[in-house]
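Trainee: I have a structure open and I'm not sure where to begin. Could you walk me through it?

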Amino acid sequence: MKPVFEYTNAMRDKITHYCPGCSHGVAHRLIMEVLVERGELGKAICVSPVGCSITAHQYMNVDMIESPHGRAPAVAAGIKRVHPKGAVFTYQGDGDLASIGGNEILHSAERGENICTFFINNAIYGMTGGQMAPTTLIGMKATTCPAGRDLDNYGMPMRMCEIVQTMDLAVYVERVALNTPAHIRQAKKAINRAFEVQKQGLGYAFVELLSACPTNWGMQPAKAMEWVDKSMIPYYPLGQFRCPEEVK
Amino acid sequence: MAEKKLMKGNEAFAVAAIAAGCRYYFGYPITPQNEVPEYMARELRAAGGHFIQAESELASISFIYGAAAAGARCMTSSSSIGIALMQEGIGSCIICELPCVIINVMRGGPGIGSIQPAQADYTMVTKGGMNGDAHNIVYAPSTIQEAVDMIYKAFDVADDYRNPVIICVDGMIGQMMEPVVVPEFKPVLEEKDIEKVKPWALCGHKNKRDRNKINSVWLDHTELEVAINERIWPKYERAMKELPEWESKNLEGAEAVFVAYGSTARIAVEAMELLEEEGIKIGLIRPKTLWPFPDAAFDEIDKETTKVVISVELSMGQMLQDIKLALEGRYPTALINRVGGMLLTPNEIVERTKAVLGGMK
Ligand SMILES: Cc1ncc(C[n+]2csc(CCOP(=O)(O)OP(=O)(O)O)c2C)c(N)n1
Ligand code: SF4
């Protein structure tokens, strides 16, 4: 009998430490499935961030290095210069990418580093226990803004796709979400396009994946999925900001 | 014999790295080392290499962390406050056992400090700077030729120990010109051979082996203790046996011994000659490695004649502490120093030496 579905062998045989309902596991699996389908697993090199996914090498079956907090794009750019045919990608949370690593992400985009970045935006610092992120929404509670993020102190949440797409060599920029089956299918296509951009040497590819952190949002997983639709997507609109003809 | 060329220190450092097979340089501008990146920008690409002006020193050391993990010989350079900014990355290279070479052309500090030559990064480079139990291997050349030879060798030492190697010079050696012989160009490790030479490197597993992981976080802290005890420290114990280098001069019959490194050692030698003319015999120990510090050099001091060991340095006695540890109380010590970017002159050293000796009578 022909199997209709198989768990990707690119995920290592290991139970993840992620909380129930966390989007990290979904994102990992999508990236691994895409790499296998593209025949690029063997040449993939991942730079993992400081955040809940720092030990993603326990789960993703690709060569991997843990980066100091926020520095992943520069680390990946160093790797890519040594292995120009590699499928090199960074996997970063919002604290890592938008806060402490804001400079590296902008300059990698500006230089048009031929790498992919998968940006897990869960609007909170997961690993350190729910502090405010640059992407925390106005009014949203976090341990360091217990009354909710306020405009006076912290200004508006950062929309990274909108910022990155101002760099001409960030040729592929798309925001997707991981909260419904339909969104997850779109996300997989976006991940595939990002690797295709890299393969064709077109420039920098940036995919933002709106994600859930039920634990630090203080919600049941199902509620958290709804919250992505209700609260995140209105402020962080899904869609393609830039996409080269070659991969459309 | 190879031809001698008149070269500026900073440019000679860059040539030495290219000769050693380094094809990856990443750096951020800072005085007094700008000629290093500028030379690399002109020459490295022509040599088939990669030069990137990084957006910050944080990025420079992160490029290094990536390129070293990918298996390449790579180098960055900076000065004092820029090296301070790199510390998290340097510590990460150490625990991840990633070889790299870093040139620190020292200037005055702390803070932005001054752009004049200084040696006040001694403690930062030899004792840490980075968090955790870690060491850099540190060379301190006193001529441009010696710097060239040390940089040339540093890439092999870094690969052997899988640890960062820092070449610590001051702005004077970076900026002056001297004749140098550039060593023979070594063959470059090609991308296709990295896997064989560095099986730990990230090259992609090609569906042929388990994935390589390079990690610096330890969720099980007992494993971190094991890593430090069983992987990092045995290397340092070997380094302490194999690497210390020094030069000594006129120790026999010396009334006092100067300990000085880098450009300060050159000025100390001039002061020794002036003192000799006045009948005061001074010896010299010139550490060429600052870590591991050449403790054994101090066993050669003349017990019969030496009354005091004097650290001559451009910092507030930072090296003096290592001298005291090496002496284990065998001799009194003294300090002759200037700081903040001020230099010692031979005459000043002469006068201050006489004061030290006078105070001992
Ligand atoms: C230099 C440095 N500063 C702070 C930390 C502590 N730290 C660890 S994870 C983290 C936040 C990560 O949040 P995010 O990027 O949103 O990822 P998530 O955990 O939500 O996936 C911080 C601040 C660190 N490891 N290094
Ligand atoms: S804390 Fe949040 S981001 Fe981290 S594993 Fe749990 S749900 Fe996921």
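Mentor: We can talk through the domains, then the chains, then the ligand. Before that, note that this is a predicted model, in which local features need pLDDT of at least 70 and side-chain atom pairs count only at pLDDT 80 or more, while totals for chains, interfaces and linings use all residues. Residues are numbered from 1 along each chain as its sequence is written, chains are lettered from A and ligands numbered from 1 in the order in which they are written, and side-chain values use heavy atoms, with hydrogens and water left out.

Trainee: OK, which domains is chain B divided into?

Mentor: Chain B has domain 1, covering 5-191, and domain 2, covering 247-358, with bounds that come from an automatic or database domain assignment. Taken over C-alpha atoms, the centres of these two domains of chain B are 27 Å apart.

Trainee: And how many residues of each are in contact?

Mentor: In chain B, 29 residues of domain 1 are in contact with 23 residues of domain 2, where contact means heavy atoms within 4.5 Å. The area buried between domain 1 and domain 2 of chain B is about 2200 Å², and carbon and sulfur atoms give 53% of it; buried area is the accessible area (1.4 Å probe) that two parts lose on being put together, summed over both.

Trainee: How many salt bridges are there across that interface?

Mentor: The rule finds four between domain 1 and domain 2 of chain B, a salt bridge being a side-chain nitrogen of Lys or Arg within 4 Å of a carboxyl oxygen of Asp or Glu. B:Glu178 and B:Arg266 form a salt bridge in which the closest N and O atoms are 2.5 Å apart.

Trainee: Switching topic, how much area do chain B and chain A bury?

Mentor: Between them they bury about 2900 Å², with 58% of it on carbon and sulfur atoms. On the chain B side, B:Glu55, B:Leu202 and B:Arg211 lose the most area to chain A, together 20% of what that side buries. The contact takes 37 residues from chain B and 35 residues from chain A.

Trainee: What about salt bridges there?

Mentor: Across the interface of chain B and chain A the rule again gives a count, namely four salt bridges. A:Arg71 forms a salt bridge with B:Glu88, and their closest N and O atoms are 3.9 Å apart.

Trainee: Which elements give two or more residues to the side of chain B that touches chain A?

Mentor: Among them are strand S3 (50-53), helix H3 (57-69) and helix H5 (87-95) of chain B, where helices (H or I, at least four residues) and strands (E, at least two) are DSSP runs, numbered from the N terminus. H3(B) gives the most to that side, with eight residues.

Trainee: Last thing, where does ligand 1 lie?

Mentor: Ligand 1 lies between chains A and B. It is surrounded by 16 residues, and the closest are A:His24, A:Cys52, A:Asp94, A:Asp96 and A:Gly126; a residue is near a molecule if one of its heavy atoms lies within 4 Å of it.

Trainee: And what are the distances from its oxygen atoms to A:Cys52 and A:Gly126?

Mentor: A polar backbone atom of A:Cys52 is 2.9 Å from an oxygen atom of ligand 1, and for a backbone N or O atom of A:Gly126 the distance to a ligand 1 oxygen atom is 2.8 Å. Likewise, a backbone N or O atom of A:Met127 lies 2.9 Å from an oxygen atom of ligand 1.

Conventions:
A polar contact is a pair of N or O atoms within 3.5 Å; within protein, one must be able to donate a hydrogen and the other to accept it, and residues adjacent in sequence count only if both atoms are side-chain atoms.
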